[in-house]
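Work through the exercises below with the sequence and the coordinates open. Each task is followed by a solution in steps.

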Amino acid sequence: MALNSGATLDAIASLISGSGYAVPAGGDGYIGDPKGPPDAQPSGKYPVSVRLTSASIEGLKHDGSTTEQHTVTVTVYGAFIDSDGVVERRLSDAVNKLMAKLTSDADLGVNIRHIDVAGILGPRMGVEYGYKDISGTQFRVAEIQVPMVVDGNMTVTA
């Protein structure tokens, strides 16, 4: 049986959608990379996309259910041109707010036990800043790595 990470993607997208800090980068929803350049900062909110980075089985329980680690990347898009540091400050502020929302006591539902902030099962939660070219337009981006411990997502049988 394959790892079912769709529910994990949906849970993170739902949490981000309800945060009030973001809009879908792709226009159709938060999951997946945008196919064209997202609108930079519509309504003072940043365009955000969510994609799966990895999924692995980390343990097996006595009932055959698994403990897994699913990691998603939450990308926040900012404008490229920033001569006065405004975009950089706003991007940093948006990342701080989203990371606070992700690590709060929010109920992620499904089978997500918790976000693995310190990386007990592997990668730690963190953010890398960089640039991304989308259809010839450069964007300043922040990519937040969000590892999660997921219980009972699948059952292994003999």
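A residue is called buried when its relative accessible area is under 20%. The model used here is predicted.

**Exercise 1.** Determine how many residues of strand S3 are buried, and what follows for the strand.

Step 1. Strand S3 covers residues 65–78. Of its 14 residues, 14 are buried.
Step 2. Split the strand by side: Ser65, Thr67, Gln69, Thr71, Thr73, Thr75 and Tyr77 are buried on one side, and Thr66, Glu68, His70, Val72, Val74, Val76 and Gly78 on the other.
Step 3. Both faces are therefore covered, and S3 is largely enclosed by the rest of the structure because 14 of its 14 residues are buried.

**Exercise 2.** Describe the pairing of S3 with strand S2.

Step 1. S2 (residues 46–60) runs antiparallel to S3, and eleven bridges join the two. In one of these, isoleucine 57 has glutamate 68 of S3 as its partner.
Step 2. Four residues separate the strands in a hairpin, and glycine 64 in the turn has a positive phi of about 90°.

**Exercise 3.** Is threonine 73 buried or exposed, and which residues does it contact?

Step 1. Its relative accessibility is 3%, so threonine 73 counts as buried.
Step 2. Beyond four places in sequence, threonine 73 contacts Ser49, Val50, Arg51, Thr53, Glu143, Ile144 and Gln145.
Step 3. With glutamine 145, the threonine 73 side chain makes a side-chain polar contact of 2.9 Å.

**Exercise 4.** Compare the expected span of helix H2 with the model.

Step 1. H2 has 17 residues (86–102), and at 1.5 Å a residue it should span 24 Å.
Step 2. The end C-alpha atoms lie 24 Å apart, which agrees.

Note on methods. Residues are numbered from 1 along each chain as its sequence is written. This is a predicted model: local features need pLDDT of at least 70, side-chain atom pairs count only at pLDDT 80 or more; totals for chains, interfaces and linings use all residues. Side-chain values use heavy atoms; hydrogens and water are left out. The expected span of a helix is 1.5 Å times one less than its number of residues. Buried means under 20% relative accessible area, exposed over 50%, partly exposed in between (1.4 Å probe, protein chains only). A polar contact is a pair of N or O atoms within 3.5 Å; within protein, one must be able to donate a hydrogen and the other to accept it, and residues adjacent in sequence count only if both atoms are side-chain atoms. Contact means heavy atoms within 4.5 Å. Two strands pair if DSSP finds at least two bridges between them.
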